[in-house]
Amino acid sequence: MQLNRDALTRAYRQMKLIREFEERLHEEIQTGEIAGFTHLYCGQEAVAVGVCEHLTERDKIVSTHRGHGHCLAKGCDVDGMMKEIWGSLEGLCNGKAGSMHIADIDKGMLGANGIVGAGAPIAVGAALSNKIDGPDAEGKLAVAIGFSGDGACNQGTTFEAMNLAVVTKAPAIFVFENNHYSEHTGVDYAVGTAGDIASRAEAFGMKVWRADGTDFFAVHDCMREMLDYVRVPGNGPAAVEFDTERFFGHFEGDPQRYRGEGELERLRETRDCLKKFRASVTGAKLLSDSDIDAIDTDALAAIENAVQASRSAARPKPENVLDNVYISY
Amino acid sequence: MSRIRAFTMPKWGIEMTEGTIAEWMVKEGESITRGQTICLIETAKITNEVEAEYDATVRKILVNGGGDAEPVGALLAVFDEGNHSDAEIEAFLAEFKPAEGGVAAGAAKAKADPAPVATTLAVADKPRIKIETNRPISPEALRLAEEEGIDIAAIEGSGRGGRITHQDVMKALRGPASPVLKGAVQVEADDLTVFASPLARRIASQTGVSLAGITGTGARGRISKKDVLALVQPAAAPAAAVGTPAFVAGENRPEVVPFDRIRKVVAQRLTQAKQELPHFYLRMSASADAMLEMRKTANLVLGCKASVNDWVVKAAATALARHPDVNVQVHGTDIYKFPHADISIAVASPKGLVTPVVRQANLMRIDQIAAETRRLIDKAQAGKLSFEDMDGGTFSVSNLGMFGIENFDAIINPPQGAILAVGGATRQPVEKADGSVGFETRISFTLSVDHRAIDGAGGAQFLQTLKLLIEKPEGLFA
Amino acid sequence: MAKMMYRDAIRNTIFQEMQRDSRVVVLGEDVVGGMGTAGGPEAIGGIWSTSTGLYDAFGPDRVIDTPISESAIMGAAGGLALAGKRPVAEIMFADFIGVCMDQLWNQIAKFRYMFGGKSICPAVIRMPMGAGYNAAAQHSQVIHQFVTGMPGLKVLMPSNPADACGLLRQAIRDDDPVVFLEHKFLYAMSGEVPDDPDFVIPLGHARLARAGEDVTIVASGMMVGYAETAADDLAQDGIGCDVIDLRTASPLDEEAILDSVEVTGRLVVVDEAPPRCNLATDIAALVASKAFASLKAPIEMVTPPHTPVPFARELESAYLPSPAKVAAAVRKTLEYR
């Protein structure tokens with residue numbers, strides 16, 4: 001289905017924003033100014049944006065440790081996110097979350113998660129809530145998306161969540177981003193079903209889709225079909241495996257010794273969703289190069305602003321440690 | 001002579017097992033002369049000066065002053081005439097062995113000795129025992145148990161694997177607990193119509209305060225104890241308080257004074273005496289006017305300063321000589337009957353109650369008794385009573401008359417068989433020979449006897465004689 | 001007031017709260033029972049009979065019978081709560097917390113804190129726990145000692161039917177995540193329960209089960225009954241005991257404990273958890289640090305030994321505390337000099 005100019009512009013901007021956000025973090029982390037662990041999403045932007053462009057605020061997503069992309073794609077504030085990663089009191093979570101736990105409940109973003117596989121059951125819970133709320137005026141249910149990777153697809157929590165979703169007919173969508181590495185281990189070794197994740201979800205009793213995760217349009221089209229299916233009350237959950245790549249290590253600081261010779265260069269060249277998008281839309285004359293360049297500039301500027309703002313944002317005080325453990329005690 | 005001589009812990013009296021160097025009066029390298037005081041040694045009973053028996057040089061002092069007790073025979077210092085090398089002194093030290101007649105040997109000897117060697121008085125050394133055991137016990141606990149003579153068989157070890165700890169031994173030393181119990185209290189059940197803490201609820205119940213209407217200042221608005229107490233004891237209500245000002249009790253914190261060595265021994269001995277000896281009490285009073293008159297006269301004539309108690313001692317000693325079955329010591333199942341009365345008199349000293357002995361008081365004249373008691377009292381008050389001064393005694397006289405005590409029952413000092421408690425002289429109305437009422441000075445006596453060795457009749461007859469001697473004191477000069 | 005069993009107090013409270021607030025949702029294994037069978041739904045109505053009749057009243061959307069998937073149950077409770085519902089999830093035996101610990105410990109307990117106070121997670125996790133039925137090592141444990149130490153969770157341990165009612169209602173209405181620990185041996189315990197559909201017990205408010213000024217006994221859960229029995233026996237001998245039923249391990253009613261010890265000077269804590277790092281040691285440390293000067297004797301802790309729960313009747317009996325063991329501990333504090 002054809003997207004109009006606005007939609008294309010928006011989609012590309014989102015992807016570029018994520019790309020610049022992550023690339024900039026990659027640089028900043030090396031200065032030592034950012035505390036803790038960070039896991040960057042570069043290379044997988046098409047999945048986050050291709051999925052989230054379809055979603056409303058009633059739809060929930062639950063993310064992974066590699067969650068910046070999902071957060072931004074779901075509409076979380078760029079400045080707020082950057083400040084959070086900087087640990088500022090003005091961050092999206094008041095400096096309490098950091099990279100691995102960023103959330104914005106109001107936007108339906110139920111958190112990145114430091115525990116691999118933990119997101120899937122939470123997503124099912126959110127889906128059950130949507131099921132209880134019932135369909136909207138158009139007879140459509142809100143859904144809950146649980147993002148997972150090829151690592152999480154081996155966790156028991158993922159299996160339990162899938163089964164529970166099927167038997168309760170929860171409107172959950174399990175999105176498996178297969179970037180071929182679970183931490184430092186290749187998917188062909190770790191996933192017993194010969195690197196094929198979707199078939200597992202299928203075995204649990206749900207409809208599955210597969211698509212190339214580096215092709216925004218493939219992702220976007222696939223997701224439209226899935227949502228049409230899952231939003232129907234009584235259809236239950238669905239799963240999709242997107243074949244994608246990550247350009248950085250598992251975590252920032254990972255020397256990536258497991259990569260092949262010239263692999264990263266090749267991926268950047270042939271499996272870059274932004275390059276593919278540009279080629280596709282300019283080829284079809286939907287947007288021009290200068291349109292896209294303008295978006296590039298705009299995205300870069302937004303990230304630069306976010307970083308500057310983060311550097312000068314308020315720091316938390318020691319007494320803030322005690323904030324918000326409970327509502328009342 | 002040119003020997004290296006060992007200075008060891010001396011044995012004063014048959015029961016002494018250990019002593020402490022209270023203070024050295026000489027230093028290593030010092031030359032000392034015969035008769036010079038070397039050190040002060042302290043035992044459970046006394047502190048005594050030790051004098052050099054020969055001229056010498058102090059070569060080595062092995063035990064510090066004010067330290068732990070050393071057993072009898074332990075090496076304390078080494079003297080010579082200054083003519084040995086350090087190596088020779090070291091060699092001497094290496095080869096030195098304490099003398100055979102140590103603690104154990106001494107005790108055995110006492111038992112075998114037929115002649116009644118003076119044994120313990122009221123204050124005696126608690127023998128440091130040696131504990132051999134396979135039970136797990138901490139070093140500190142073992143030392144404490146040995147020092148205090150505790151039988152560890154009775155102790156259950158509370159440490160790991162049943163190990164006896166220092167705390168366990170300390171507990172065995174302390175008596176059983178006797179807490180004051182208050183019992184159960186009735187409190188209204190918490191029904192949450194009034195949100196009050198458990199203690200506030202209890203205080204309200206006990207003091208009859210109603211919880212309704214109290215504003216809680218506790219967490220979450222709960223009524224806490226101080227909210228209730230504010231109603232029970234209104235804070236600073238100076239409402240025209242005429243009359244008695246309220247007394248507010250402050251802290252009554254005790255000063256804790258643990259038993260010192262002497263008191264520990266006294267406590268143990270007295271407890272043992274009170275628990276084990278079948279005490280039997282005989283009471284008698286005597287008219288003292290005649291004796292008091294004669295005392296005045298004798299003091300003038302003889303130029304002495306005999307006290308009333310000196311006269312009682314004289315009378316008692318004389319009576320004992322006539323009633324040898326009261327002048328006894330009990331040793332196990334043997335009664336030692338003494339021909340002469342060695343009277344222990346109780347004297348207050350800076351170190352506590354001490355009991356020096358007036359020996360063969362039955363043979364002394366009243367002025368001799370007065371002189372002797374004076375000498376002993378002075379010595380006691382200077383803290384200088386020697387072991388010999390207090391050793392032995394066949395009978396005790398204890399007088400609390402100077403404090404206004406009318407009569408009392410004294411506890412026997414084992415191994416003695418009896419003790420005479422003397423009350424104060426009081427003026428009493430009596431029926432005179434012509435039927436009228438007159439006043440005379442009377443003194444009350446209680447004789448405590450060990451009923452195993454002295455029966456009622458024997459004690460009574462002694463008291464009869466004593467009474468006679470007091471009421472007709474010329475009998476003391478017969 | 002109505003007389004009912006502990007299990008019915010729980011069931012009735014859930015029922016009333018589900019009526020009152022349509023956001024309250026129940027989920028767990030066999031909370032309905034009989035799903036997908038010839039016997040049909042409600043074939044058992046919950047293995048502890050604490051959810052009987054809920055399915056008939058509120059339907060499958062709000063009463064969710066799950067497969068045996070503790071992680072999914074616990075995680076779904078978290079997700080439901082974040083999404084705006086008020087889930088009451090049941091983990092059938094508290095021992096199974098091992099299977100789903102991450103979802104409780106790293107997720108539910110921490111959401112609010114990690115998300116900067118911008119979310120609420122009003123989940124209630126009900127877990128039957130404790131020994132007494134010879135169910136042996138993997139079905140007889142208590143777990144309060146673990147969850148009390150998790151910041152972000154509240155931990156409730158009712159000891160009687162009225163408390164079960166009032167505390168559960170409070171838990172469901174509380175916006176913080178609550179671990180509600182029911183003692184399975186108390187399910188058949190009978191007691192008076194207030195009729196008031198708004199009867200709640202504030203958290204951190206201990207109950208003074210018995211009063212006396214000689215010794216303080218602190219207990220929770222099934223141990224409260226033991227402490228009460230012991231106190232009644234001791235009262236015959238003129239020994240008065242304060243028996244403090246904690247009701248809630250987190251938040252803890254520190255004031256009640258310290259106030260009592262300041263009067264009695266003697267403390268006995270009874271805890272069904274094994275002796276290392278349990279609630280008894282927590283309370284003993286609290287008292288030793290904040291009421292040291294009041295203590296007249298060392299603190300006594302009555303707990304099982306450092307072992308798993310054994311099977312044979314005599315062994316489980318020997319394992320558990322008992323009124324006699326509590327009374328002996330009380331006497332021990334009185335013997336100390």
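Asn324(A) is found in the segment after α12 (289-312) of chain A, where helices (H or I, at least four residues) and strands (E, at least two) are DSSP runs numbered from the N terminus. Although Asn324(A) is not a glycine, it has a positive phi of about 65°. Asn324(A) is partly exposed, with 18 other C-beta atoms within 10 Å; the terms here are that a residue is buried if 20 or more other C-beta atoms lie within 10 Å of its own, exposed if 12 or fewer, and partly exposed in between, with C-beta atoms placed from the backbone.

Before I go on, this is a predicted model, in which local features need pLDDT of at least 70 and side-chain atom pairs count only at pLDDT 80 or more, while totals for chains, interfaces and linings use all residues. Residues are numbered from 1 along each chain as its sequence is written, and chains are lettered from A and ligands numbered from 1 in the order in which they are written.

Staying with backbone geometry, Glu183(A) is another residue that has a positive phi, about 55°, although it is not a glycine. Glu183(A) lies in the loop between β4 (181-182) and β5 (185-186) of chain A, and Glu183(A) is partly exposed, with 13 other C-beta atoms within 10 Å. As background, most residues other than glycine have a negative phi, and most peptide bonds are trans. Turning to peptide bonds, the one from Pro414(B) to Pro415(B) is cis, with omega near 10°, and Pro415(B) is found in the loop between β17 (395-399) and β18 (418-431) of chain B. The bond from Ser250(C) to Pro251(C) is also modelled as cis, with omega near 0°, and Pro251(C) lies in the loop between β12 (248-250) and α9 of chain C.

That helix brings me to the contact between chains B and C. Here 25 residues of chain C are in contact with 26 residues of chain B, two residues being in contact if their C-beta atoms, placed from the backbone, lie within 7 Å. On the side of chain C that touches chain B, β9 (207-212), α9 (254-264) and α12 (323-335) of chain C each supply at least two residues, and the largest share, five residues, comes from β9(C). By class, this side of chain C has 11 nonpolar, six polar and eight charged residues, where Ala, Val, Leu, Ile, Met, Phe, Trp, Tyr, Cys and Pro count as nonpolar, Asp, Glu, Lys and Arg as charged, and the others, Gly among them, as polar.

What does β9(C) pair with across this contact? Its partner is strand β9 (residues 184-185) of chain B, and the two pair in the antiparallel sense over two bridges, pairing being assigned if DSSP finds at least two bridges between two strands. Within that pairing, Ala184(B) stands opposite Gly212(C) in β9(C).

Helix α6 (residues 225-232) of chain B has Lys225(B), Asp227(B) and Val228(B) as its buried residues. They cover an arc of only 165° around the axis, which puts them on the same side of α6(B); the arc is that of the directions from the helix axis to the C-beta atoms. What covers these buried residues includes α5 (198-207) of chain B together with α9 of chain C.

Chain B also holds an open sheet of four strands, in the order β5-β4-β2-β7, with antiparallel pairing. Strands β5 (47-51) and β7 (70-71) of chain B stand at the edges, each with a single partner strand, so one side of each is left without a neighbour in the sheet. Two bridges join strand β2 (residues 18-24) of chain B to β7(B), and Glu18(B) stands opposite Pro71(B) in β7(B).

The contact between chains A and C takes 36 residues from chain A and 38 residues from chain C. On the side of chain A, the elements that give two or more residues are α5 (119-133) and α6 (156-168) of chain A, and α5(A) provides the largest share, 10 residues. By class, that side has 21 nonpolar, 10 polar and five charged residues.

Finally, the interior: which residues touch the most other members of the largest nonpolar core? Of its 222 residues, they are Val124(A) and Ile217(C), a nonpolar core being a set of buried Ala, Val, Leu, Ile, Met, Phe, Trp, Tyr and Cys residues joined through C-beta atoms within 7 Å. Helix α1 (residues 5-30) of chain A gives the most to this core, with nine residues.
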